[in-house]
Amino acid sequence: MRKQIVAGNWKMNKTFQEADELINSILEYIKKDENTAEVVICPPSLYLELASDQANDTTLMIGAQNMSCNGFGAFTGEISAPMLASMGIDYCILGHSERRKYFNESHEMLAGKVEMALKHGIAPIFCCGEQLPERESGNHFNVVKEQIEKALFHLPESDFSKIVLAYEPVWAIGTGVTATSGQAQEMHLYIRNLIKDKYGDDVAQETSILYGGSCNAKNARELFSNPDVDGGLIGGASLKAEEFIKIVRAFD
Ligand code: PGA
């Protein structure tokens with residue numbers, strides 16, 4: 001059975017004190033509940049140590065929001081996979097549309113980041129998704145296919161099987177416009193079939209594919225009830241413990 005995952009992408013939000021409070025509040029719920037889904041938080045890198053310390057001996061998993069495609073060296077301002085690994089970080093979001101757009105992350109660069117993460121035992125949460133004009137022109141399947149093929153399909157099966165995918169239509173991110181349940185399921189099934197064609201049905205069935213884009217406590221249950229939607233990558237709604245935990249409980 002593939003994993004159900006709810007991951008919070010905090011983006012560039014929260015002061016240190018606020019981060020501390022939010023992690024503590026999330027942990028209070030997590031310790032009380034028997035969660036069906038795996039819960040991941042991805043705070044800004046500055047707070048990863050705090051999160052990792054607090055999550056010690058709990059089921060809460062910690063992810064970074066970005067990392068370099070290089071290991072160590074003269075790359076001012078960057079953080080790398082071996083650094084994250086040395087702090088016990090479990091996941092790293094890669095290929096987020098904001099990184100593609102504002103930081104010009106290309107398919108080739110993302111392929112390098114994915115390899116580097118895997119080499120150091122960090123599981124990529126790899127994001128893909130089309131922009132609004134691409135959907136309107138009916139090109140959304142091709143766009144997602146290209147993103148996945150160019151950054152992931154060079155991997156051997158043993159590496160690919162460690163990846164979590166997140167379908168995040170760019171027009172739904174931070175806009176309050178969620179993909180309909182039908183749109184999400186249609187794309188998730190398409191992605192699963194791409195994986196099946198490349199790596200076979202066993203790998204396809206074991207790969208978790210999360211939905212992201214204005215997913216919140218109100219719409220999570222319906223989105224997650226789709227057979228190919230295995231959880232969510234949550235932005236805005238992950239910044240309040242109560243709302244985030246309602247999303248986690250949408251599986252129960
Ligand atoms: P959102 O962001 O939930 O605020 O739309 C999701 C994401 O960017 O991962």
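**Ligand site and barrel architecture**

In this predicted model, an oxygen atom of the ligand sits 2.6 Å from an N or O atom in the side chain of histidine 96. Backbone atoms contribute polar contacts as well. Glycine 174 places a backbone N or O atom 2.6 Å from an oxygen atom of the ligand. At glycine 235, a polar backbone atom is 2.8 Å from a ligand oxygen atom. On its own, the ligand has 280 Å² of accessible area, and the protein covers 95% of this.

The shell around the ligand was examined next. The ligand is surrounded by 13 residues. Those that come nearest are Lys11, His96, Glu168, Gly174 and Ser214. By class, the shell divides into seven polar, four nonpolar and two charged residues.

Lysine 11, one of the nearest residues, belongs to the loop between E1 and helix H1 (16-32). Its backbone has a positive phi of about 55 degrees, although lysine 11 is not a glycine. Most residues other than glycine have a negative phi. Aspartate 57 also departs from that pattern, with a positive phi of about 65 degrees, and is likewise not a glycine. Aspartate 57 is placed in the loop between helix H2 (48-55) and E3.

The fold was then traced through its strands. Eight strands close into a barrel. Their order is E1-E2-E3-E4-E5-E6-E7-E8, and the pairing is parallel. From one strand to the next, the twist averages 25 degrees. Strands of a sheet pair through backbone hydrogen bonds. One pairing can be described in detail. Strand E3 (residues 61-64) and strand E4 (residues 91-94) run parallel and are joined by two bridges. Here glycine 63 stands opposite tyrosine 91 in E4.

Helices pack against these strands. Helix H9 (residues 181-199) lies across three of them: strand E5 (123-128), strand E6 (164-167) and strand E7 (209-212). The helix runs at about 145 degrees to E7. Helix H12 (residues 241-248) also packs on the sheet. Helix H12 touches strand E1 (5-9), strand E2 (38-42) and strand E8 (231-234). The direction of H12 makes about 155 degrees with that of E1.

Methods. Residues are numbered from 1 along each chain as its sequence is written. This is a predicted model: local features need pLDDT of at least 70, side-chain atom pairs count only at pLDDT 80 or more; totals for chains, interfaces and linings use all residues. Side-chain values use heavy atoms; hydrogens and water are left out. Two strands pair if DSSP finds at least two bridges between them. Helices (H or I, at least four residues) and strands (E, at least two) are DSSP runs, numbered from the N terminus. Axes are lines fitted to C-alpha atoms, for helices over the stretch in contact, and angles run from 0 to 180 degrees between N-to-C directions. Contact means heavy atoms within 4.5 Å. A residue is near a molecule or strand if one of its heavy atoms lies within 4 Å of it. A polar contact is a pair of N or O atoms within 3.5 Å; within protein, one must be able to donate a hydrogen and the other to accept it, and residues adjacent in sequence count only if both atoms are side-chain atoms. Accessible areas come from the Shrake-Rupley method with a 1.4 Å probe; for residues, only the protein chains shown count as cover. Ala, Val, Leu, Ile, Met, Phe, Trp, Tyr, Cys and Pro count as nonpolar, Asp, Glu, Lys and Arg as charged, and the others, Gly among them, as polar.
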